[in-house]
Each structure stands twice: as structure tokens, then as C-alpha cells.
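Please look at how helices pack against each other in the structure below, and then at its cysteines.

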Amino acid sequence: MLTGEGYSVRIVESGELALSAAEGQPPELILLDVRMPGLDGFEVFNRLKAKPKTSETPVIFLTGATDPDECVAGLKLGAVDFIAKSFDRESLLAKVRTHIELYRLRKKLEQQTVKYKTLFENSNDAIFVHGMVNSGEAGKFIEVNDIACSRLGYSREELLKLTPPGIDAPGMEEKHRAALEELARTGHAVFEIEHAGKDGRNMPVEISSRVFDYGGLPHVLSIARDIAERKRAEAALLAREKLACETNIAFSELLVNTELKTGNIGTSKSLLTETAARLAGVARASIWEYSADGRELRCLDLYESGPQKHSEGLVLSCVDYPRYFKSLQEKSHIAAADARTHPGTSEFTAGYLVPLGITSMLDGIIPGSAGLAGVFCLEHVGECREWLPEEENLLSTLSALTAMVFDVAKQKKAEAGHERLLKAIEQAGEVIVIADPEGTIQYVNPAFEKVTGYTRLEAIGNNPRILKSGQQDEDFYKNMWGKVTSGKTWEGRMVNKRKDGTLYTEEATISPVRDQQGRIVNYVAVKRDITEQLKLENRLRQSQKMETVGLLAGGVAHDFNNILSAIMCNAGFLAKDIAPGDPKHKDVKEIIIASERAAALTRQLLAFSRRQIMATRVVDINGLVGGMTRLLKRVIGEQTNVAVKLHPSPCTAIVDPGQIEQVIMNLALNARDAMNGGGTITLETEIINPPEEFFDTRPDLPKGPLVCMKVSDTGSGMSQEIKDHLFEPFFTTKEQGKGTGLGLSTAFGIVKQSCGDIEVKSEQGKGSVFTVYLPLVEAQPRGKDKDKDKDDRPLGKGHETVLFVEDEESLRRLGERILLTSGYKVLVATDGQAALKLMEERGKPVDLLMSDVVMPGMSGRELGLELARRKLVDRALYMSGYTDEAIVRHGVLEPGIAFIYKPYTVEALLKKLREALDGPAGQAKV
């Protein structure tokens, strides 16, 4: 019987053989006779349960005896069932089928438990779970992962005795209170705070918290990401930008300083050390000069920024500090983040570094005409610091300027001083250009050659207009030269053109140089290429702009949907009341059509703002692309060819198939419009497994294999300016009336909401390629089509009592009218608090809560949960013009919640209402 039903059956004739057969591949079910020769069934059962391999295998005892004690004894041992001989076929098969399915489900549950426990414990972020007390305060931790314990320095037992405020650093009370208020209000919160480890260390973290229901009580799941590195990077970036700006200004001033030009060491050394200490932010800056034999260093000036004090005279000997002197001979500079352990500076630890609290040193060689002239030293007090490349460049420039001062001091002639100045600025990291009063270039440094592509010979004797890009008008140059020729310093940005024709942006300071009579004899320009910096800033601004526009679009769509609901429903009432032959009936139909078009527009806005409801499932993108090919060919027209190249394996991703079809259609129509005279649109799919660096520039994409879908055309292509605005809503290059400007922005929003990314590559005259990336998932068997069972019968009158809660007055009146005219008893409230008060006065439950989601003070979901807690309602139908996080997480509707999207028609609302009332309670839970 069992073999005929497709089961694999092994039959043995004794208890010993049964034990041997089960030892190899444990079965999913054992049918065991109680009475057998040799070992009886009970003994075999005990031995099976004692072995790990078969300890969990279900056993059904078979017996021909009628003694009930024997059956009871078998069940007490742990058998799952008992079958008396002789048994009928259907009874046997039913029990076998039931217990095998239960065994498989138990195994699957065990695997899922291990899987989620593994994910919890192997997260790279600290994870905390704690309860919420009635006052809204955080309760003790009830679960934490290993990374949380190791990061904070507590054992699991110690951490489970604490509450979230117990691991906060001092001064975090207000931030934590604000986060708890946000959790109470919206059910989720993302915030930055500092944790305090057991050893007292403060750790900046970004916490994402979410409230969930467990055992009927609110609990909070918090994921804490260590952002110390990010904070350090942000601080370093600000420091570098500030240093670069201040260095430009200071260097321009130093280049034209009379004391430096004339080699006046007495005042120059103080000016240089003060400038160095201020720009680098160090406690001490000093200039040292080598003795003639190079065996000693004598301090010419040591500036201490705290007391703002200068001193001199200290002498260092190579006999006392041989490794330090050797390092200076071998390297251009010593960058010691930890001066106490660095080979070049550790000799100073006991007698110099420790007593003065110095932790980091940056020493640079001052070059001389006959070798090494001296050392420029920066000393930091406090925690060890890594020296930035900009700080090393600053030290190099200051060392070069100091070398110039040394040389000019030895040679007072102006010509010699001028040569030394040029040698100093040869080492500068910034572009240096010196021109005569007529603007003719007299000198450029190597940085100029590197940035512009022009050699020194090509530049000298020419005018700076060789770099002119045409991006600035004549008034720009007129104002700039007018300022410098009047003796003032000009600062600003300009776009210039390299020798190869590429453009770059530079930040420049141009200063006039005067002779002893005060006449302008030269202009000095100190410039820095900031092209890459601007690209990064532009990318950040673009991201922020898209997010802001998305928020605005979502908010507008929400408010507009409330208005449309009122228009559509009232127009529906009019259409029913006016006879079809009445001329006004056509006018009402036009109102309804216009409302539906407006509703479609709001859906596009919500798609862009990533706030639409998505019915996601595992979908093969190959099937979507292939299924749309015939439709695309018909819509696009005969002048355009459509080519399809599908990956040989299923390209499965978790998406809303209807939304992805809209993405494909929007991209294809955009491609068609780019090919006025016809051409070829190619749709491709493939599965890629990108390297780690691929995700560095795409932080929103989850790492791992991806489904890649490309839509390419042979059209006119796009300029960079158009690409910069391509995904913005209402941006279009088409003539008025030819497009809404929402096609690509809608595609952008759908892809982003599907946890994917979309990119475009295009050049003018070379066509465009739009690439969509989606996370690859394993294919799953398709279930029954739920839509086949939908009931299309006409809706009858209702009789139930409905609590209707809506804060929008016009929709509140409208909803009450719809319900009353359809036979329902209606209780109406303006918000959550009013609804609670109304139900408290009523004192008995209603059949259904029908509530807006987003309302002042208390959300509709919060109201439903509170009424359910008071046993005043057990079914709910929620409404919203946009998706709230309490209802939708990541664009997927929470299972078991009945929801209707605004705008809605009267028929749609009544149908959804009946589904919520007539269907299983689990499909309309509060």
C-alpha cells in the first residue's frame, strides 16, 4: 500500500534487523510491530531513541492484540501513534501521511531556528532586544548578540541586567529621550548616540530601532552600527579642506612678505613657526639649523602656541641622537604618529617627549644649496595623530620657504633672493604662476605642468589666457584683473581648460607683488585643482536633492489623494442620480475620467518617492521581459526594432511584477523617443557576481549576486547636463504636451524601493544604456493564483456597526454617507483619542474599525491595537493616501492587514469593507 502511494519502504523481519537498517539512512517514519521474535517492539523502540541518529524519528506501534494496556505502554514510551491489526488502507495511509508531514515540518522549523540564530549572532553590527514599560521607558535587555558584548566589554549575563540608558555615554539623556518619543510615535527611529563601554570608552554609533509585538507586549529591536571610522573620516575631511583653504591664503601672504624676501631671519623665523602652529593646529613649532659639520642642530626659534611664547638656543647632538640624525639624512621628512615608538624619534622619549606630553612629531628637511640646511619641526601634545598628506605638503612648503630665508640671508642681492624664492616654490603642492604687470607668464612650478598639461617652456612668455575655457564671461576677467591691478588680492574659482581640451575647476588666490617704491612688479597666483572635490560635493547634493524632492512628492500625493477620494466618490453619487440621457451625465463622467488620470499621476509620484504599496514576490525577470516583447513591439511601432537577449538561467528577484513591467515600458518608450528616425532597442538580462569594489560606489545595493537588466538604444544620446537631471520628476527634454517628465523618475523610485539601483551611460551621438540592478534570490515554486477566487457578485446591503475614524472633514462626511446609505450603523470620530472616548462611552464592541492610518497624535494602527487590547474590536480596515511605516515596511504590505489605498471609488470601498467583514479574521487583523 505504501509503495503504491510513492513512499520508499524498507521491510525487515526482526528487531535486530530493524536497528541495523535504521543505522544507515534514518527513515522519516518507523512502523514497528510490538511482538516480534528476539527483541520485542518496546526494546527496539528504546534502543532507537537512545541513538542520536534515530532519537527524533517518529514511531507508530503495530499490534494484533486487543489489550489497551499494551497500547498505553507504547504511547508512554514516546510513540506518536498506535495502529491495531488488521488495519484498513485509508486509516494507515492517513496516519503515515500525517506523521511524516509533522516530522518534516519539525525539521524545517529547527533549520529555520538555527538559520535565524546564526544571522543574529553573526551580524557585523551589535543587536539588542529590550521591552518597553508602561511609562514608555526602555526596559532591560532580553537578548543581545556576541558583537554587542565584545564591543561594550560586558559578558552576556552582565549586559542582560542593564537597560539601554545604562550603556549610554554621559550627556546622551536628551538624545535617548527623543529616540524613545520617536519610537512611541512612529514605531521606528534612526538616530546617532554614544555608547559607553565597560572600560569607560565612548563609542559613537548609529542606531536603527523598531517596535514589534511579542507576547502581546511592545518590544524594541535595535541595530547599532559603529560609526567611529565615519566620524573620524568626516572630521579629517573638514580638517583637510580647512587646512587647504587657510594654507592658500597664508602662502600667498608669505610669498609677498618683505621680511621673507629680504632674508630677515630675526622676524621671518617667528612668522614661519607661528604660521605653522596655527595651520597645523600643533602645540609647538620650531626651526633648527645644522652646524657647519652637520653634527649638531641648533634651535633658531621654538614657538609654543599655548602660552604664545618663543624661545631658542637648545642644541641637539648626533652623538646623543644618532638614529634621529640618520633618519633626517635618509628621508625628506619624518612623520611619526607615535613619536615614542617611531624609530626616528623614539630616542627623545624619556628626556623630552614624556616630560612635555609630546605624542606625535612631523619633521621636515630644510634644503640648502650645499646639502641640508636645517629642520622644520611640528610637535603635537595629546592623543597620537596621523599626519595628513596636506599637512606634510604644508611642512614641505614651509621648509622650502625657510630654505629661501636662509639663502637670502646669506645673499642679500635681489637676484639671488629671487632665485631662492623660485627654488622654494618648486616644491609646493599647489600650482604657482608668476606673471609680469602685463600678465605675461614668467614662471610656473612643476605642479602647473602636472595639472594643465603645458610644459614650462610652453607656458613662459605666454598669457594665462591659454587656459581660458569659455566658461567665464568677459566681465568675470575684467573684475578679476581690475581688483589685482588696483593692488588688492583676488580669491575665487574658475573653470580652465587643459592642453588636451578637458576642463577643470581651480580655486585661486592672485596677489600683486610690489617693489620698495610700492609699484606692482609681479602677480603671484596660488591655485589648487578642486575638480574631484566638486564632483563628490555634487554627488552628495544630487542625492540630497532627490531625497528632498521625493519627500515633497510623497507629501503632495498624500494630500492630493484625499482630495481625489472626495471628488471620485461624490462624482460617483452624481452619476448614479443622473439619468444616462441627461446632458449632465456626460459632464460627471468627464469628472470621473479626469479624477482617474489624476490618481494615476499621484501613483507615479509615490513611485518616485518610494512610498507606494508594492505586492512583491519572487519573479523571473526573464519572464517579464519575454512576456512584454510582443506588447512593446506593438506600442513602439514598426520603425523601431526590438531585440531581446535573455540569460540562460532564471533571473529571479523579489519585486512587484507589475511595477517592474512599468519600468521596462518606461525605459523602452524613452529609448523610442530618443530615436526619431527609428533604430534598435535591445533588452538584455544577465546574472553577475560583482567584486567588492563594485559596491563601494553603490552603497544602497546589498552585496552578492545581482540580476542585471539593460535597455539600450541606438539614439541620439545625452549630454552630461541632461544626465544630471534625468531622474528628477517633471524633468523632460520633450516639447510641451509630449510627456509628463515622470517616466524615468517613476522607474527610479520603483527600482530603489525594490532594493535595487539604476544607472545610465550615454554620450551624444552614441545612444544610451540604462542598467537596472536587483538582488538575485533563489527561485520558489509558484502558489495558487489568489485572484482566481475573487467574488465578483454584486454587493448587498450591510447591517454591521462600523467605527469610522478620519481626520479629514470632507472624507469623514463622505465616508459616513457611503456607509449609512449602504445599510451600516456608523460611529464617527475625528481622531484616535476621540474614537477611544466614543467607544468607552458605548461600552461594547463594534464589528469593524475603519480608520485612516496617519492622524494627529495617534496613528490608525495604534488606535486599532488599543481597541483590540480593550476587546472593543477584532477586525479593521485601514485607509491611507500614502504608505505609513506602521502598515508597510520597505514597500511590502504586512500580511493579514486589510488596507485600501486612496483615492478610492464608492464601489471599491464597499467591496473592500465586505471582504474585511466576511473573510477570515486573520485577513483583517487590527
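This is a predicted model. A good place to start is the pair formed by helix α20 (residues 621–636) and helix α21 (residues 657–673), whose axes come within 10 Å and cross at roughly 45°. An angle of that size makes α20 oblique to α21. The crossing of the two is right-handed. On the α20 side, the contact is made by Ile-621, Leu-624, Val-625, Met-628, Leu-631, Leu-632, Val-635 and Ile-636. The α21 side contributes Pro-657, Ile-660, Glu-661, Ile-664, Met-665, Ala-668, Leu-669 and Arg-672. Sorted by class, the contact of α20 with α21 has 14 nonpolar residues, no polar ones and two charged.

A second pair lies further along the sequence. Helix α25 spans residues 832–842 and helix α26 residues 860–869; their axes come within 10 Å and cross at roughly 20°. Angles under 35 degrees count as roughly parallel, and α25 and α26 are therefore roughly parallel to each other. Their crossing is right-handed. Gly-832, Ala-835, Leu-836 and Met-839 of α25 meet Leu-863, Glu-866 and Leu-867 of α26. By class, five residues of this contact are nonpolar, one is polar and one is charged.

The cysteines come last. A disulfide is a covalent bond between the sulfur atoms of two cysteines. How many disulfides does a search of the whole structure find? The search finds zero. As for the surroundings of individual cysteines, Cys-384 is partly exposed, at a relative accessible area of 46%. Cys-755 is also partly exposed, and its relative accessible area is 43%.

How values were computed: Residues are numbered from 1 along each chain as its sequence is written. This is a predicted model: local features need pLDDT of at least 70, side-chain atom pairs count only at pLDDT 80 or more; totals for chains, interfaces and linings use all residues. Side-chain values use heavy atoms; hydrogens and water are left out. A disulfide is a pair of cysteine sulfur atoms within 2.5 Å. Buried means under 20% relative accessible area, exposed over 50%, partly exposed in between (1.4 Å probe, protein chains only). Axes are lines fitted to C-alpha atoms, for helices over the stretch in contact, and angles run from 0 to 180 degrees between N-to-C directions. Helices (H or I, at least four residues) and strands (E, at least two) are DSSP runs, numbered from the N terminus. Angles under 35 degrees count as roughly parallel, over 145 as roughly antiparallel, 65 to 115 as roughly perpendicular and the rest as oblique. A crossing is left-handed if the near helix is turned anticlockwise from the far one by less than a right angle, and right-handed if clockwise. Contact means heavy atoms within 4.5 Å. Ala, Val, Leu, Ile, Met, Phe, Trp, Tyr, Cys and Pro count as nonpolar, Asp, Glu, Lys and Arg as charged, and the others, Gly among them, as polar.
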